[in-house]
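User: Hi! Could you take a close look at the disulfide bonding in this model for me, and then walk me through the surroundings?

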Amino acid sequence: TELLVNPTHFEQQQYLICKGKSVLVGGKNYKQTGVYIDSLSNQFGCDSIIRTQLFVDTVRSRLQIDSILCFDKKDGIIELNATSGIAPFLVALNDTSKYSNLNRFENLKPGSYILYIKDSLGCEESIQVILLQAQELMADLPIEIKITLGEKISLQPILNFIPTTIQ
């Protein structure tokens with residue numbers, strides 16, 4: 001009589017995935033960074049041990065906005081800097097077909113913008129920014145006033161803003 005002993009099969013694998021994705025190992029989905037050990041049966045009915053090391057890449061960024069300063073101007077600035085992910089990073093404004101390494105956008109008019117940042121694995125983050133139109137400042141006198149030379153009068157204009165002292 002001959003006895004055949006099949007050894008335990010051991011396999012190691014590593015995955016690097018983007019946040020929101022998952023890895024399927026032995027019927028189980030994994031989507032968090034960690035080390036996972038799965039014991040499966042191979043074609044001979046023996047244990048097959050799979051050690052999976054998973055890293056989930058999360059792209060995050062810091063946004064800096066310089067708002068539009070004056071009414072009817074196009075002087076808004078948006079800058080996007082990566083704080084996590086795998087370098088190098090590419091950035092796009094409104095159009096993901098136009099990624100570049102430029103992360104600062106200037107001379108922006110009022111409106112809605114979507115910024116995209118992508119790392120070297122292709123993992124992405126998107127951020128929506130709304131640049132508001134600065135208020136048009138207006139002052140008006142309610143009626144026509146006639147004064148004679150040497151006469152003093154106190155004027156009360158109608159304003160669409162709260163006056164402050166400018167230094």
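Analyst: Happy to help; here is the disulfide, followed by some strand pairing and two loop residues.

A word on the ground rules: this is a predicted model, in which local features need pLDDT of at least 70 and side-chain atom pairs count only at pLDDT 80 or more, while totals for chains, interfaces and linings use all residues. Residues are numbered from 1 along each chain as its sequence is written, and side-chain values use heavy atoms, with hydrogens and water left out.

Searching the whole structure turns up 1 disulfide, meaning a pair of cysteine sulfur atoms within 2.5 Å. The partners are cysteine 18 and cysteine 123, with 1.8 Å between their sulfur atoms. The link is left-handed, at -85° about the S-S bond. Cysteine 18 belongs to strand E1 (residues 9-18) and cysteine 123 to the loop between strand E10 (111-118) and strand E11 (124-131), so the bond ties together parts that are 105 residues apart in sequence. Strands (E, at least two residues) and helices (H or I, at least four) are DSSP runs, numbered from the N terminus. Both cysteine 18 and cysteine 123 are buried; here buried means under 20% relative accessible area, exposed over 50%, and partly exposed in between, using a 1.4 Å probe and protein chains only. Cysteine 70, with a relative accessible area of 42%, is partly exposed.

Next, the strands. Strand E6 (residues 60-66) runs antiparallel to strand E7 (residues 76-84), and 7 bridges join them; two strands pair if DSSP finds at least two bridges between them. Leucine 63 has leucine 80 in E7 as its bridge partner. E7 also pairs with strand E9 (residues 104-108), in the antiparallel sense and over 3 bridges. There, glycine 76 is matched with leucine 108 of E9 as bridge partner.

Now for the loops. Threonine 58 sits between strand E5 (47-57) and E6, and with a relative accessible area of 19% this residue is buried. Setting aside residues up to four places away in sequence, threonine 58 touches Lys19, Ser84 and Gly85, where contact means heavy atoms within 4.5 Å. Glutamine 32, in the loop between strand E3 (28-30) and strand E4 (34-41), is exposed, at a relative accessible area of 58%. Beyond its neighbours within four places in sequence, glutamine 32 is in contact with Leu54 and Val56. From glutamine 32 to threonine 52 the C-alpha to C-alpha distance is 12 Å, across 20 residues of sequence.
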